[in-house]
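Trainee: I have just opened this entry and would appreciate a guided tour. Could we go through it step by step?

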Amino acid sequence: MTKDFQTSKPIYIQIADHLSSQIVRGEMRAGEKLPSVREMAINSGVNPNTIQRTYSEMERMGIVETKRGQGTFVTENEQVLKALKIRLQADIIGVFVQNMKELGFSQEEMMDGLEQYFRREQE
Amino acid sequence: MTVKLRNVSKRYGKDFSLKNVSLTFETGKIYGLLGPNGSGKSTTLKMIAGLVYPNNGKVEVDAEEVTRKICKKVAYLTELDMFYSSFTVGNMIEFYASQFSDFDMEKAEQLLIDMKLDRAKKIKQLSKGNRGRLKLVLTLSRKSPVLLLDEPFSGLDPMVRDSIVKSLLSYINFDEQTVIIATHEIDEIEPLLDEAIVIFQGDIIGQKNVETLREEEGVSVLEWFKSTMVQMEGN
């Protein structure tokens, strides 16, 4: 299925972000083989050169490894995967804090709000 | 295989359809030729296909000056309806196979299945969407180094558009083929493109790599196209 992409961000990064969160969520496991560039291109309705760039970028970041003649695999390096999880967390917190600031909340108010939220959730 | 236009102009009567256009298209890339109706997109494709000759300048495919015979190397999907209505889908496939030595029957059979087209059906019984699909089957079944698609999505519903995008991605040979898509429906094809070229009143007014555009200017092709058009109309 052709996905909708945000207009302001390169498509190869959006696909890398999508794959990264699949890995962190455990939908793709350490050592698992990624779809081939062509398969990925067809599934997402995107130019294969773009997918190639996604894979290269993820390889540069150490998240995936390309084995000659075999394809591209999710890394089995646990430190890298842990770091990826923490990076995604930081990204989400960044967006959250930015949104809160725009609404005029101070740091303290955000912390209070979070605490209240969790308390309500526990009840 | 490289396609080149060097300082090409084309006039129909007094009106310029193309004004001193120079462009280069490289193997392995998908180009979008974008512009409003009447901007010169179809003329550009017809010139590469050898169906129209320039008044000035040169059109080259693989360093060979284009003549009518270039159809051996160039597959061209016209925006017009071009079928004999009494033919069946199968007749049309056989006709194409008889005309073009690079026609790949296996690929055609696979594409017919993918596109859910019935070989026995008469062309005149096909819906508009299925005629659009058949055109694409015929074009993609050729192993020609250059593929030209003129408005492949025009008038087709979203389901057909999706199936066309998927077939393009499945069947283009990126090691050997150059693909040029002329369209004014930019949203549909942006993720497919490597390069976007904007043409307006016979002038090339911009060419950008799609991902560079997003990376450096933070805009999509559609936004870039619209802002370029606004500037041009302001002048």
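Mentor: Certainly. Let us start with one residue: B:Leu169 touches A:Ala41 and A:Ile42, leaving out residues up to four places away in sequence. Please keep in mind that this is a predicted model.

Trainee: Where is the place of B:Leu169?

Mentor: B:Leu169 sits in helix α5 of chain B.

Trainee: Is B:Leu169 buried or exposed?

Mentor: B:Leu169 counts as buried, because it has 24 C-beta neighbours inside 10 Å, and the cut-off for a buried residue is 20 or more. As for B:Ser85, that residue is 84 residues from B:Leu169 in sequence and 29 Å from it in space, C-alpha to C-alpha.

Trainee: How many residues of chain B are in contact with chain A?

Mentor: On the side of chain B there are 18 residues, in contact with 16 residues of chain A. Two elements of chain B, α5 (158–171) and α7 (210–217), each give two or more residues to the side that touches chain A. The most comes from α5(B), with 5 residues.

Trainee: And how do the residues on that side of chain B divide?

Mentor: The side of chain B that touches chain A has 8 nonpolar, 3 polar and 7 charged residues.

Trainee: Staying with α5(B), at what angle do the axes of α4(B) and α5(B) cross?

Mentor: The axes of α4(B), residues 128–140, and α5(B) cross at roughly 5° and come within 10 Å. The two helices α4(B) and α5(B) are therefore roughly parallel to each other, since angles under 35 degrees count as such.

Trainee: Which residues make the contact?

Mentor: From α4(B) they are B:Gly129, B:Gly132, B:Arg133, B:Leu136 and B:Leu140, and from α5(B) they are B:Val160, B:Ser163, B:Ile164, B:Ser167 and B:Tyr171. The contact of α4(B) with α5(B) has 5 nonpolar, 4 polar and 1 charged residues.

Trainee: Let me change helix. Which residues are buried in α2 of chain B?

Mentor: In α2(B), residues 89–99, the buried residues include B:Val89, B:Met92 and B:Ile93. They lie on the same side of α2(B), because they cover an arc of only 100° around the axis.

Trainee: Why would residues with such spacing point the same way?

Mentor: An α-helix has 3.6 residues a turn, so residues three or four places apart point the same way.

Trainee: What covers the buried residues of α2(B)?

Mentor: The cover includes α3 (105–114) and α4 of chain B.

Trainee: Now chain A, please. At what angle do the axes of α1(A) and α3(A) cross?

Mentor: Helix α1(A), residues 11–24, and helix α3(A), residues 48–60, have axes that cross at roughly 55° and come within 8 Å. The helices α1(A) and α3(A) are therefore oblique to each other. Their crossing is right-handed. The contact is made by A:Ile11, A:Tyr12, A:Ile15, A:Ala16 and A:Leu19 of α1(A), together with A:Thr50, A:Ile51, A:Arg53, A:Thr54, A:Glu57 and A:Met58 of α3(A). The residues of this contact divide into 7 nonpolar, 2 polar and 2 charged.

Trainee: What about α2(A) and α3(A), and how do their axes cross?

Mentor: The axes of α2(A) and α3(A) cross at roughly 115° and come within 9 Å. This crossing is right-handed. On α2(A) the contact involves A:Val37, A:Arg38, A:Met40 and A:Ala41, and on α3(A) it involves A:Pro48, A:Ile51, A:Gln52 and A:Tyr55. You met A:Ala41 earlier, where it was touched by B:Leu169. The contact of α2(A) with α3(A) holds 6 nonpolar, 1 polar and 1 charged residues.

Trainee: Where does A:Met28 fit in?

Mentor: A:Met28 lies in the loop between α1 and α2 (37–44) of chain A. It counts as partly exposed because it has 18 C-beta neighbours inside 10 Å. Apart from neighbours within four places in sequence, A:Met28 is in contact with A:Gln22, A:Ile23 and A:Val74.

Trainee: One last topic: which residue of strand β1 of chain B has a positive phi?

Mentor: B:Asn7, in strand β1 (residues 3–12) of chain B, has a positive phi of about 45° although it is not a glycine. Most residues other than glycine have a negative phi. B:Glu151 also has a positive phi, near 50°, and is found in the loop between β7 (146–150) and α5 of chain B.

Trainee: Are B:Asn7 and B:Glu151 buried or exposed?

Mentor: B:Asn7 is exposed, with 12 other C-beta atoms within 10 Å, whereas B:Glu151 is buried, with 21.

Terms used. Residues numbered from 1 in each chain as written. Chains lettered and ligands numbered in written order. Predicted model: local features only at pLDDT ≥ 70, side-chain atom pairs only at ≥ 80, totals over all residues. Contact = placed C-beta atoms within 7 Å. Helix = DSSP H or I, 4+ residues; strand = E, 2+ residues; numbered from the N terminus. Nonpolar A, V, L, I, M, F, W, Y, C, P; charged D, E, K, R; others polar. Axes fitted to C-alpha atoms, helices over the stretch in contact; angles between N-to-C directions. Parallel < 35°, antiparallel > 145°, perpendicular 65-115°, else oblique. Left-handed = near helix turned anticlockwise from the far one by under 90°. Arc of directions from axis to C-beta.
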